[in-house]
Amino acid sequence: MKKILLSLAAVAMATAAYAQGPNLVVNGSFEDAGVEASVPGGYTWDPWNTYENIDVLPGWTLSTGGEWNGITLWKAEPGDGDARPEDDAHYLRLMGYNDNGWTNISASQIVTGLTAGTTYKLSFVMGVSWPTAADCKNEWAPDPNYYVSVSEVDGEAAGKEIAKYETPNTEDGYTDQEFLAHEYEFTATADKVYLSFVLPNNFTEGNKHESCDLFMDIDQVKIYDPNGTGAVNGIVVENEAPVEYYNLQGVRVSGDNYKGVVIRKQGGKSVKIAL
């Protein structure tokens, strides 16, 4: 009876874990291994000659349209337990170039595993900044209109837009926000969507603006079904995985004839039970 009760508890835990459906965004916390970054060869000026632009970011496609447009940074900074959990070690920064740049930077991903007609939540935390006219030393300020979009997928690119979140500008054309949580809903029209974070701007070639760096910081990106689609599927997948038993010393044992407390491991889940 004890074994049965503990197993039921494990199922309950699994169900709770999928209560909102799994996160369909790959590497939405930007913690996956495999990031590659290097300083662009054309950056010879300080401090940009110390900035390592991301060449590879697992799960994401990054675009700056060329090194003169800006740079993408993998920032190492633990969360404060507010918008970002304390164990969250990294986030993504899209950073606009301040001198003779015409910024247009994006981080995109084709998100799969959706169900057409189902309403999903897109959530993320974001911090943004762009300079005032005074900061630019010429009474001119950028008007970046940062945005996040969810679109249909057309081949490997974005198709018809489904939803869009635009960071609101303040009245004086300047904002400097710490990480804030954002969330909104969209209804999927197919089994996949094109998700994109975009930092556009009005910088144009030939304009020279000092001290005018601007950026969009992104973290904790999630797309999930708030009604729990995927809960049953998630448990089934776990149940189909092979079961392994380990004693409390970490030695693998047989579940058929072992007596005592063991760690039951199946798929990515482990639970302590009594045999």
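Which residues does H90 touch, not counting residues up to four places away in sequence? Some notes for a first look, starting there; keep in mind that this is a predicted model.

1. The answer for H90 is a list of nine names if you read along: S29, F30, E31, W74, K75, A76, E77, R84 and D219. H90 itself sits in strand β5. Its relative accessible area is 16%, and because the cut-off for buried is under 20%, H90 counts as buried.

2. Two of those contacts of H90, E77 and R84, turn up again at the second largest pocket, where they are among the residues closest to the centre. That pocket has a volume of about 260 Å³. Its lining is made of 17 residues, and the ones closest to the centre are E77, R84, E178, F179 and D217.

3. Where does the lining of the second largest pocket come from? Four strands give two or more residues each: β5 (90-96), β7 (119-130), β10 (175-187) and β12 (214-224). The largest share, 4 residues, belongs to β10. If you sort the lining by class, you get 8 charged, 6 nonpolar and 3 polar residues.

4. Have a look at β7 next. Of its 12 residues, 11 are buried, so this strand is largely enclosed by the rest of the structure. On the pairing side, β7 runs antiparallel to β10, with 11 bridges joining them. β7 also pairs with β12, again in the antiparallel sense, over 8 bridges.

5. If you want landmarks for those pairings, pick one residue pair for each. Towards β10, S123 stands opposite E183. Towards β12, the bridge partner of V128 is M216.

6. Right beside M216 in the numbering is F215, which also lies in strand β12. Is F215 buried or exposed? It counts as buried, because its relative accessibility is 17%. Leaving out residues up to four places away in sequence, F215 touches R93, L94, M95, G127, V128, S129, Y146 and L199. V128, the bridge partner of M216, is thus also one of the contacts of F215.

7. One last pair to check on screen is F215 and L199. They are 16 residues apart along the chain, and their C-alpha atoms are separated by 7.6 Å. L199 is also among the residues that F215 touches.

Conventions: Residues numbered from 1 in each chain as written. Predicted model: local features only at pLDDT ≥ 70, side-chain atom pairs only at ≥ 80, totals over all residues. Heavy atoms only, no water. 1 Å grid on protein atoms, 1.4 Å probe; cavity = no way out; pocket = protein on both sides within 12 Å on 5 of 7 lines; lining within 4 Å. Points joined across faces, edges and corners; volume = space filled by probe spheres on them. Nonpolar A, V, L, I, M, F, W, Y, C, P; charged D, E, K, R; others polar. Buried < 20%, exposed > 50% of the residue type's maximum accessible area, 1.4 Å probe, protein only. Contact = heavy atoms within 4.5 Å. Pairing = 2+ DSSP bridges.
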